[in-house]
Amino acid sequence: MSDIKIPPGRVTPWHQTNWDWRAAGNFIGGGTGTGLLFFATLAAGSVDNYRIMALVALACIGVGLTCVWAEIGRPFRAINVYFHPQTSWMTREAIVAAPLFLCALAAVWFGGGLFVGTAALLGVLFLYCQGRILHAAKGIPAWREPKIVSLILATGFVEGAGLATMLAALLPGAGPRWLAAVLLGALILRRLAWTVYFKALEKSGLPKKAMEVLRPFGAKFEMLGQLAPEILIVIGIFYGAVLPGLTFVAGLVALAAGWWLKYTIVARAAYNQGYALPSLPVRGQGEVMPGVKPGWTK
Amino acid sequence: MARYIMTVDLRRCIGCQTCTASCRHANATPPGVQWRKVLDIESGEFPDVRRSFVPVGCMHCADPPCMHVCPSTATYQRDDGIVGIDYDICIGCGYCAVACPYQARYIVHRREFAYGDKPNQQEEARFDPKRMSVAMKCTFCSDRVDYAKEHGLTPGVDPEVTPACVNSCIAGVLAFGDREDPNSNVSQLLAENQFFRMHEELGTDPGMYYIFDKK
């Protein structure tokens, strides 16, 4: 973690320096893992395949949480993260993580039963907590937009469905044919969530620097991260027998695009609020002047 | 119950940064860390330009987002409205720093010095290892406010129990006092003048009031 030091005299929003790629790693690992845990219940096809998928999912979540642990300033006090369930979504995420791991491991051990569904639901709850963590960060305009919660949920489902599609292609006997259609549905949801999120940011205003990151990203993301896998899936539905690898590639692209999206929002578009004056003060014989909000789109 | 706030008369501030220097001296903050600082905002287009000097720092919000997000309860709010940090339980996750819309929080991981690679006398004497790798910010000099309670003094009136930045201000820009007391210095200033609070639309109910004109 880098020191938080504010450039002296800085008025326009600047990029926060506290949460870097490691924070993005938590959202990437958490989203992918919980999404996979959810789709593994539907797509595994056999107990052995479920075990593999669930273990991969837990590994993803674990890597994400390790990233967070590596970022905090006092890692040996990490247990204190459990102290504030009343209002902190970070505490709630940590609280959900414990039974999530226990249930998923129990599901792996017993190979089914109630633990499978419980682990999947806890995963969705964990993912929801991640969305609320960003939403509660009032100092970062690109994060605090309420629509980010549905975007984080949709992205997690796409990542999970993408990875499930890939694993289904690799594992023997796994993967119903409709899994590609589920991935397509998740992609459409993510496209919708992204559009709604970005339009809300345009409407409410954003630091110009954050908009300079998100606008060009959005154009590329919609083409490469959304349209490309959607086309691949549709082609795969018709020509899957001739080109069996298409859904695998579609899953890979959908997964990678989710990671790209989160890295961009968490690590690149994280410009802070900056400062603003609703009115300029009267100086000498002058009059009150309209206020200023330096570095903002509106 | 008291609600301590600060008023900033923007008509008076000349951007001398004496408050910044006095805060750094009073709180022994490391290089690059300014719990109280003064922005220099240029606005308008030639020839109609304005220059505004704006002291900023922790706003000691009544509804502080930093406190709500803190997973360890290290950030807390006192009964008198002052928002503080318990350095002993803070995990340094930085969530409060990204939740604060006033950029008021700092985390320092390496010990640095103002001049060269060795501490001067002041830095050596006042180094506090508890403040390494945890969040820190303006405290409204809460130790002085506590002293006032014990000795029957009035913060904002008696200098020894008034924040260092307010005491040092050469232009009478800063004032400190109890918003709940209608006879306090700050309540009277706000009754006589027009004011705003920064980023009020975010619902934080900040405790720094910026005066920009008379009523």
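# Notebook: Ser133(B), the A–B interface and salt bridges

**Entry 1: Ser133(B).** I began with a side chain: that of Ser133(B) makes a polar contact with the side chain of His109(B), at 3.0 Å. I note here that this is a predicted model.

I then looked up where Ser133(B) sits. It lies in chain B, in the loop between α4 (121-126) and β7 (135-136).

Is Ser133(B) buried or exposed? Its relative accessibility is 11%. Buried means under 20%, so Ser133(B) counts as buried.

Next I listed what touches Ser133(B), leaving out residues up to four places away in sequence. From chain A I found Gly73(A) and Arg74(A). From chain B I found Gly92(B), Ile107(B), Val108(B) and His109(B). His109(B) is thus on the contact list and is also the partner in the 3.0 Å polar contact.

I also checked the backbone of Ser133(B). Its phi is near 60 degrees, which is a positive value in a residue other than glycine. I took one C-alpha to C-alpha distance as well: Ser133(B) and Cys90(B) are 8.9 Å apart in space and 43 residues apart in sequence.

**Entry 2: where chain A meets chain B.** Ser133(B) touches residues of chain A, and I turned to the whole interface next. I found 56 residues of chain A in contact with 62 residues of chain B. The two chains bury about 4800 Å² between them, and 58% of that is on carbon and sulfur atoms.

How many salt bridges are there between chain A and chain B? The count is 0. For polar contacts between the two chains I wrote down 32 residue pairs, both residues at pLDDT 80 or more.

Which elements of chain A each supply at least two residues of the side that touches chain B? They are α3 (89-110), α4 (114-135), α5 (141-144), β1 (277-280) and β2 (289-292). β1(A) gives the most to this side, with 4 residues.

**Entry 3: salt bridges.** I searched the whole structure and got 15 salt bridges over all chains. I followed some of them in chain B.

One of them joins the side chains of Asp40(B) and Arg51(B), at 2.6 Å from N to O. Asp40(B) is in strand β2 (residues 37-45) and Arg51(B) is in strand β3 (residues 48-56), so the pair ties together parts of chain B that are 11 residues apart in sequence. Asp40(B) is partly exposed, with a relative accessible area of 30%. Arg51(B) also counts as partly exposed, at 46% relative accessibility.

Arg197(B) came up twice in my notes. It forms a salt bridge with Glu200(B), where the closest N and O atoms are 2.6 Å apart. It forms another with Asp205(B), where the closest N and O atoms are 2.5 Å apart. Arg197(B) counts as buried, at 12% relative accessibility. Both partners are on the other side of the cut-off: Glu200(B) is partly exposed at 37%, and Asp205(B) is partly exposed at 33%.

I also noted a network of salt bridges that links Arg78(B), Asp80(B), Asp146(B) and Lys149(B).

**Entry 4: backbone oddments in chain B.** I went back to β2 and β3 of chain B. Pro47(B) is found in the loop between them. The peptide bond from Phe46(B) to Pro47(B) is cis, with omega near 10 degrees.

Ala28(B) lies in the loop between α1 (18-27) and β2 of chain B. Its phi is positive, at about 50 degrees, although Ala28(B) is not a glycine. I had written a similar remark for Ser133(B), whose phi is near 60 degrees.

**Entry 5: a surface patch on chain A.** Last, I looked at the outside of chain A. A nonpolar surface patch there has an area of about 960 Å². Its residues are Met223(A), Leu224(A), Leu227(A), Ile231(A), Val234(A), Ile235(A), Ile237(A), Phe238(A), Tyr239(A) and Leu243(A).

I picked Leu227(A) from the patch. Leu227(A) is in helix α8 (residues 208-239) of chain A. Its relative accessible area is 32%, so Leu227(A) is partly exposed.

Notes
Residues are numbered from 1 along each chain as its sequence is written. Chains are lettered from A and ligands numbered from 1 in the order in which they are written. This is a predicted model: local features need pLDDT of at least 70, side-chain atom pairs count only at pLDDT 80 or more; totals for chains, interfaces and linings use all residues. Side-chain values use heavy atoms; hydrogens and water are left out. Patches are made of residues with over 30% relative accessible area and no salt bridge: like charges are joined within 9 Å, nonpolar side chains (Val, Leu, Ile, Met, Phe, Trp, Tyr) within 5 Å. Accessible areas come from the Shrake-Rupley method with a 1.4 Å probe; for residues, only the protein chains shown count as cover. A salt bridge is a side-chain nitrogen of Lys or Arg within 4 Å of a carboxyl oxygen of Asp or Glu. Buried means under 20% relative accessible area, exposed over 50%, partly exposed in between (1.4 Å probe, protein chains only). Contact means heavy atoms within 4.5 Å. Buried area is the accessible area (1.4 Å probe) that two parts lose on being put together, summed over both. A polar contact is a pair of N or O atoms within 3.5 Å; within protein, one must be able to donate a hydrogen and the other to accept it, and residues adjacent in sequence count only if both atoms are side-chain atoms.
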